[in-house]
Amino acid sequence: MAAIPWGVMAILLPLAGAMACFLSPRRASPLGLITALGVVACAAGLGWQVAEQGAQRYAIGGWGAPLGIDLYADGLSLLMLMVTAVVGLGISVYSSGYFNREKAVNFWPLWMFLWSALNALFLSADIFNLYVTLELLGLAAVALVALAGGADALTGAMRYLLVSLLGSLAYLLGVALLYHSFGCLDIALLAERMEPSPAVMAAMGLMSAGLLLKTALFPLHFWLPPAHASAPAPVSALLSALVVKASFYILLRLWLDVFPVTAAGLGQLLGLLGAAAVLWGGLQALRQTRLKMLIAYSTVAQLGYLFLAFPLGSNVAWQGALYLLLSHALAKAAMFMAAGNILCFGGHDRIADLDRVAQRLPLSLAAFGLAGVSIMGLPPSGGFIAKWLLLEAAMRSGQWWWVIILILGGLLAAAYVFKVIGYAFTQAVMTHEARAVPATMEWAALVLALVAILLGLVAPWPLALMEIGLPFGGEAAG
Amino acid sequence: MKKTMNPKSMTESGKIRTPFRLLLMVLLSALAAGLGYAVSTLSSQSPGSGEWVAANLETSGVSNPVTAVLLNFRSYDTLLEMGVLLVALLGVWSLGGIPEQRESSPGPVLDTLSRLLVPVLILVAGYLLWVGAHAPGGAFQAGSVLGAAGVLLLLAGWRLDARFAGLPLRITLTTGLGVFVVVGAVLMLVGRRLLEYPPSFAGALILLIEAAATLSIGMTLAALFLGSRPEAGPDR
């Protein structure tokens, strides 16, 4: 590959940005913003490269698979990288207004490291390297949660750290078993050499369990709401939008490439857990009195949809899940940012006391509403396309019961979104001093919400990108 | 805070959740048995990638296979690990740290011992760094020894001068990752792949990266021991 290695630059640039922010804390914010723009350019460059030349493989150090580490970019990794770039830019713009100087010094290097870890994770083709990126990602995420200070955030962060480490270690144990069995770590090579054995089953169980814990699938979601709700708003946004998706991405890769033979009964189980997550998360969201907790439980529910694709297993189902992942990333980031604006403006996020936010923060409420449209899955949003694809897959495979879950989940989402919007229009007595919210913070939320809607209007384009390199195997969707 | 909270919550959970604990014990035993069975079925002959390493060792620039894997074949992993180490420190620093207790003087034994040991430890770290090219050793081992020297100094009451606690300290902490990234990027600029060392320079480049990494690792470990961000002078 003689061309410019955009993928490598998407990893190195935020690393360099992190060091620059660390070395020069006074200029951390502008340095971070410049880096963010650079990373977006890298993602665009890689997108162009992949769209023109097909899936890319890059041998780091020039050694190649069994000895060295390869980077691999196909449609799936590209879309993950691109949504990270868009959400990341939004979060960077938002954060430049959100943090005071003291917090910004700590925030920017950690966020740049986290971004680098995400890009490295989405591009890695090596299961041990994936572990290293998970470690970098997890540590940076925990430190960012703790940034809020206070007992809630520290408890949430501590729990998150323990969960994150447990998940990583289970994954690592699986990696060790696979390496001993097959003598390689590269995903493509593993797929070639794969043959079922007790050790492979154990590895699959361990790696899946570890990653499910990190992805917060239903019974393992207990750590997510406190961690995501107590973090500072931009951190909540990046955790819900991007970090939980990273472990899901690894699970998807393993499921599609490494363990394809052994999938049958477990797929149904994952689908059931996903359905339980959709219902439980939706009901819990409805019960919450705090806006950020409501949004965090909504994440639990939305993550459930991703697992509905496992029992269906068809190309359309995977596309639906990936589409949901993309639109949820954008919409949930916008939602948390809007909640952050409301919190920053009013000093609290009690849903019942959202006194006339509609008049005071119209842009933020618009962002919340538009993001809500995508979360509910109403047309013309990205969430609608995703649910449409999942519905189609469920009908085609004759597993109609998943359709009920999809519809119920949508209704629950509508209920909790309208609950918030309803209170936002009520009149209440102003009980506190309002603080002005910087315009950048309002616009960052609104633009991300608009992109989530836009994702529904340009559907053919991402769907075509998904086909590059056939990450979901088999023939192109009809 | 943790210290005061932990025992209380533990006794509470101990009272309420005894059946739950039993269930957990049963499940964990089942898990252990299952894993034990899976491991027992593994063949003792692992295919591994040992022969690949052996076949390419000559062009790697070092003769110690472990160093060759860590700093050449899979150097990218090590690069990211340097990032992990720095993130760990950033995380600890962002917590604000614990207020430092000014202890009484360390006592003559610790004081004299640290004066004697620290130079020796630095020497050992240098040796480990150098010997890593062809025998067990290398940046992480050397860095740990250097970190131990730092911990000993901190225990003996030594503190970094405020003049060096700002930018100079931060530069030292990032040197390891920084040199790694710069070497990788420069190789890309001259038309090679990321971290694709030219065989004739491989040994020198590995030593350069390891030397920088040793310094950063040692400094990071000592700083982690200290816990909070050292107070710096006017520049911050």
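This report describes contacts, helices, the nonpolar core and some backbone details in a predicted model of chains A and B.

**The interface between the chains**

Across the interface, 45 residues of chain A are in contact with 44 residues of chain B. On the chain A side, the elements that contribute two or more residues are helix 1 (6–23), helix 4 (101–123), helix 5 (127–146), helix 6 (150–182) and helix 8 (198–215), and the largest share, 11 residues, comes from helix 5 of chain A. By class, the residues on this side of chain A comprise 34 nonpolar, 10 polar and 1 charged.

**Helices of chain A**

Two packed helices are described by the angle between their axes and the distance between the axes. For helix 5 and helix 6 of chain A, the axes come within 9 Å and cross at roughly 175°; since angles over 145 degrees count as roughly antiparallel, these two helices of chain A are therefore roughly antiparallel to each other. Among the residues that meet there are A:Tyr131, A:Glu135, A:Gly138 and A:Val142 from helix 5 of chain A, and A:Ala157, A:Tyr160, A:Ser164 and A:Tyr171 from helix 6 of chain A. The contact between helix 5 and helix 6 of chain A has 16 nonpolar, 4 polar and 1 charged residues.

Helix 1 of chain A has 18 residues and reaches 25 Å from its first C-alpha to its last, close to the 26 Å expected at 1.5 Å a residue. Of those 18 residues, 17 are buried, so helix 1 of chain A is largely enclosed by the rest of the structure. Helix 18 (residues 401–425) of chain A has 25 residues and should span 36 Å at 1.5 Å a residue, which agrees with the 37 Å between its end C-alpha atoms. The buried residues of helix 18 of chain A include A:Trp402, A:Ile405, A:Gly409, A:Gly410, A:Tyr416 and A:Val420.

**The nonpolar core**

The largest nonpolar core has 262 residues, and those with the most contacts inside it are A:Ala140, A:Val145, A:Leu330, A:Ala334, A:Met337 and A:Leu448. Helix 14 (residues 315–346) of chain A gives the most to this core, with 21 residues. Leaving aside its neighbours within four places in sequence, A:Ala140 is in contact with A:Leu110, A:Phe113, A:Leu114 and A:Ala117, and also with B:Val87 of the other chain.

**Chain B**

The secondary structure of chain B consists of 9 helices and 0 strands, and 34% of its 236 residues count as buried. Of the contacts in chain B with a separation of 6 or more, 80% are between residues 24 or more positions apart. B:Pro108 lies in helix 6 (residues 108–131) of chain B and counts as exposed, because it has 8 C-beta neighbours inside 10 Å. The C-alpha atoms of B:Pro108 and B:Ala156 are separated by 9.7 Å, although these residues are 48 residues apart along the chain.

**Backbone details**

Most residues other than glycine have a negative phi, and most peptide bonds are trans. Two residues that are not glycine have a positive phi, as the table sets out.

| Residue | Phi | Loop | C-beta neighbours within 10 Å |
|---|---|---|---|
| A:Ala216 | about 65° | between helix 8 and helix 9 (224–230) of chain A | 28, buried |
| B:Leu195 | about 60° | between helix 8 (167–189) and helix 9 (202–226) of chain B | 29, buried |

The peptide bond from A:Pro379 to A:Pro380 is cis, with omega near 5°, and A:Pro380 is placed in the loop between helix 16 (362–376) and helix 17 (382–396) of chain A.

Note on methods
Residues are numbered from 1 along each chain as its sequence is written. Chains are lettered from A and ligands numbered from 1 in the order in which they are written. This is a predicted model: local features need pLDDT of at least 70, side-chain atom pairs count only at pLDDT 80 or more; totals for chains, interfaces and linings use all residues. Two residues are in contact if their C-beta atoms, placed from the backbone, lie within 7 Å. Helices (H or I, at least four residues) and strands (E, at least two) are DSSP runs, numbered from the N terminus. Ala, Val, Leu, Ile, Met, Phe, Trp, Tyr, Cys and Pro count as nonpolar, Asp, Glu, Lys and Arg as charged, and the others, Gly among them, as polar. Axes are lines fitted to C-alpha atoms, for helices over the stretch in contact, and angles run from 0 to 180 degrees between N-to-C directions. Angles under 35 degrees count as roughly parallel, over 145 as roughly antiparallel, 65 to 115 as roughly perpendicular and the rest as oblique. The expected span of a helix is 1.5 Å times one less than its number of residues. A residue is buried if 20 or more other C-beta atoms lie within 10 Å of its own, exposed if 12 or fewer, and partly exposed in between; C-beta atoms are placed from the backbone. A nonpolar core is a set of buried Ala, Val, Leu, Ile, Met, Phe, Trp, Tyr and Cys residues joined through C-beta atoms within 7 Å.
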